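Here is a report on the pockets, the domains and one helix of a single chain. Please keep the 3D view open while reading.

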Amino acid sequence: MMIQIQNNLSTIAAQFANQPITNIQTFGSGNINDTFLVTLEESKFVLQRINTQVFLQPQAVMQNMRVCTRHICDRLSSKSLDRRWETPQVICTSDNQDYYIDENGSFWRALSLIENSQSHDTIQNSDHAEEIGYALGMFHSLISDLPPEQLSDTLEGFHITPRYLEQYDRVLAEMTVARSIEVNYCLEFIRDRQSWAHVLENAKESGKLALRLMHGDPKINNILMDTATGKAVSVIDLDTVKPGLIHYDIGDCLRSGCNTVGEETQDWETVQFEPDLCKGILRGYLTEAKIFFNEQDYFYLFDSIRLISFELGLRFFTDYLAGNVYFKTTYPEHNLMRALVQFALTQSIESQESSICKIIEDLR
Ligand code: GN1
Ligand code: MG
């Protein structure tokens, strides 16, 4: 079986390779797509199988990626930047397609590797925190003048928290899992925050927060650091770039960056939101974003941090109740554990509301 998979992978990788392949290994820790690092005689590239259960129009994902990377490259060439900054490029097949569909109908694409870089699942120190924030600000600034109508919506409802609540209610109505202490805790946790969870969508509808382009998934391991200098060099995983609220991005960056034990810990009761890291990330972010940040943008920052941790917990818990159909899992309770981690983080954020708001106030 293993040899069969390897043979298939080699055949697939060969569609994008211009030299003999010397090695293929799994790469990264994505929860949706499958990612491999392909080594050629003189170079390397990233090979990904897009999860078409999640991304129903993978061709549109590729089209968005082209529009987005082209725009970023144009911006970079006209900007005099005194540091390294790169963006992954789409690699075409030998017959000039930006994807390949294999004999099983799986959808594959290849991307250039950002050389001499690495990512981390947790923040290493305060310099790292500041660079993570800088990278997100840089990304927002680079795409800020890309006309949103040039991008299609590749994942309808993504980060619309009330939609996740509706989905949760539907799954709950047919819930079959046993009511353990942990399950009851999650049910109660969600119930207590159900009406508040509309906060950012309400702000969008009333015009308080503007629709802009967002990355959609800027968790800290999607931000690459230069291995030599430790400076951020790239924001990767452009599958979910689309019109939305940049507050979802800021919340996602902070919820992933300020949880020092990481989202995959089994020790959910020890999870804390670290305010010093929050200060570092926001300081880095605002060096780039200050020019387009307005009063309301500052006002909704705290809610965005709290909301995205809650929303991700809700998404993991719903998937657990639904039988683990969306996020990849390695054991049956995996999504339940992940939900508990995000809810513990949410609770830690809530208990530090005044100090987090003070940090935000001091950075203005
Ligand atoms: C998923 O596959 P990955 O790791 O890039 C998910 C994000 C979550 C993240 C949590 C399309 O991202 O929304 O925040 O897991 N992506 C999608 O780790 O649902
Ligand atoms: Mg992603």
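The lining of the largest pocket divides into 18 nonpolar, 17 polar and 13 charged residues. The model is a predicted one. In total, 48 residues line this pocket. Q48, N221, N222, I236 and D237 lie nearest its centre. Five elements give two or more residues each to that lining: β3 (44-50), β6 (107-112), β7 (117-118), α7 and α10. The largest share comes from α10, with four residues.

Where does the largest pocket lie with respect to domain 1 and domain 2? Domain 1 (2-113) and domain 2 (126-363) both give residues to its lining, so the largest pocket lies between them.

The second largest pocket has its own set of lining residues, 41 of them. Closest to its centre are G30, N33, D34, T35 and K328. At least two lining residues come from each of α1 (2-14), β1 (21-26), β2 (34-40), α7 and α11 (334-351). Here α1 supplies the largest share, seven residues. Domain 1 and domain 2 both contribute to the lining of the second largest pocket, so this pocket too lies between them.

The two pockets side by side:

| Pocket | Volume | Nonpolar lining | Polar lining | Charged lining |
|---|---|---|---|---|
| Largest pocket | about 990 Å³ | 18 residues | 17 residues | 13 residues |
| Second largest pocket | about 780 Å³ | ten residues | 20 residues | eleven residues |

Now the domains themselves. The domain assignment of the chain gives domain 1 (2-113) and domain 2 (126-363). Their centres, taken over C-alpha atoms, are separated by 26 Å. The contact takes 30 residues from domain 1 and 37 residues from domain 2.

Next, helix α4. This helix covers residues 161-173, which makes 13 residues. What span should α4 have at 1.5 Å a residue? The expected span is 18 Å, because the rise is multiplied by one less than the number of residues. The end C-alpha atoms of α4 are 19 Å apart, which agrees.

Which residues of α4 are buried? They are T161, P162, Y164, L165, Y168 and V171. Buried here means under 20% relative accessible area. These buried residues pack against four helices: α5 (181-191), α6 (199-205), α7 (246-257) and α10 (301-321). Two of these partners also appear at the largest pocket: α7 and α10 each give two or more residues to its lining. Helix α7 also supplies at least two residues of the lining of the second largest pocket.

Note on methods: Residues are numbered from 1 along each chain as its sequence is written. Chains are lettered from A and ligands numbered from 1 in the order in which they are written. This is a predicted model: local features need pLDDT of at least 70, side-chain atom pairs count only at pLDDT 80 or more; totals for chains, interfaces and linings use all residues. Side-chain values use heavy atoms; hydrogens and water are left out. Buried means under 20% relative accessible area, exposed over 50%, partly exposed in between (1.4 Å probe, protein chains only). Contact means heavy atoms within 4.5 Å. On a 1 Å grid over the protein atoms alone, a cavity is a set of points where a 1.4 Å probe fits but cannot get out, and a pocket is an open set with protein on both sides within 12 Å along at least five of seven lines; lining residues have an atom within 4 Å of a point. Grid points are joined across faces, edges and corners, and a volume is the space filled by probe spheres set on the points. Ala, Val, Leu, Ile, Met, Phe, Trp, Tyr, Cys and Pro count as nonpolar, Asp, Glu, Lys and Arg as charged, and the others, Gly among them, as polar. Domain bounds come from an automatic or database domain assignment.
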